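Here's a short briefing on how one protein model is put together. Have a look at the sequence and the structure, then read through the points below.

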Amino acid sequence: MRNLKMASVIIGLAASLSLAHAASAVAADDFSFSFDTGNVAFAYTDGYWDNDHHWHRWHNRHEAIEYKKRFADHYNGWKHDRDADKGWHDHH
């Protein structure tokens, strides 16, 4: 009887851990941005320029990573102030 209780506890723990892992994977897929991604002109590791030529810092590191993952063709892997034009280009 004692072995049966111990096995139940172990099975319950394993099930809980796998559900927690599944929930975190779903949460990662459910990410949403706190800004209009269509308004981003140029994105960098430290933030982005919008189409009205305003600079914005990322709200957090996760936001920058997700933007890079989803819009890699509009993302530059360096800080915006690397170049003399501070990352704003006259042509998109």
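On one side of helix H2, Arg61 and Lys69 are exposed, where exposed means over 50% relative accessible area, buried means under 20%, and partly exposed lies in between (1.4 Å probe, protein chains only). Keep in mind that this is a predicted model: local features need pLDDT of at least 70 and side-chain atom pairs count only at pLDDT 80 or more, while totals for chains, interfaces and linings use all residues. Residues are numbered from 1 along each chain as its sequence is written, and side-chain values use heavy atoms, with hydrogens and water left out.

**Helix H2**
- The buried residues of H2 are Glu63, Ala64, Glu66 and Tyr67.
- These four cover an arc of only 165 degrees around the axis, so they sit on the same side of H2; the arc is that of the directions from the helix axis to the C-beta atoms.
- What do the buried residues of H2 pack against? They pack against strand S1 (40-44), and contact here means heavy atoms within 4.5 Å.
- At the N-terminal end of H2, Asn60 acts as a cap, with a side-chain oxygen 3.1 Å from the backbone nitrogen of His62. That relies on a polar contact, a pair of N or O atoms within 3.5 Å; within protein, one must be able to donate a hydrogen and the other to accept it, and residues adjacent in sequence count only if both atoms are side-chain atoms.

**The overall layout**
- The protein has two helices and three strands, which are DSSP runs numbered from the N terminus (helices: H or I, at least four residues; strands: E, at least two).
- Read along the sequence, the pattern is α-β-β-β-α.
- Of the protein's 92 residues, 25% count as buried.

**Nonpolar cores**
- The largest nonpolar core has nine residues: Phe33, Phe35, Val40, Ala43, Tyr48, Trp58, Ala64, Tyr67 and Tyr75. Such a core is a set of buried Ala, Val, Leu, Ile, Met, Phe, Trp, Tyr and Cys residues joined through side-chain atoms within 4.5 Å.
- S1 and H2 are the elements that give two or more residues to this largest core.
- There's also a second, separate core of five residues, including Ala41, Phe42, Trp49 and Trp88.

**Aromatic pairs**
- How many aromatic pairs does a search of the whole structure find? It finds seven. Rings of Phe, Tyr and Trp (its six-membered ring) pair if their centres lie within 6.5 Å; planes under 30 degrees apart count as stacked, over 60 as edge-to-face and the rest as tilted.
- Tyr48 and Trp58 make a tilted pair, 5.2 Å centre to centre with 45 degrees between the planes.
- Tyr48 lies in strand S2 (residues 47-50) and Trp58 in the loop between strand S3 (55-56) and H2 (61-70), so this pair ties together parts that are 10 residues apart in sequence.
- Trp49 and Trp88 pair edge-to-face, at 6.0 Å centre to centre and 80 degrees between the planes.
- Trp49 lies in S2 and Trp88 in the segment after H2, so that pair ties together parts that are 39 residues apart in sequence.
- Trp49 and Trp88 are both buried, and they form one aromatic cluster with Phe42 and Trp55.

**A glycine in S2**
- Gly47 has its place in strand S2 and is buried, with a relative accessible area of 0%.
- Not counting residues up to four places away in sequence, Gly47 touches Phe42, Trp55, His56, Arg57 and Trp58.
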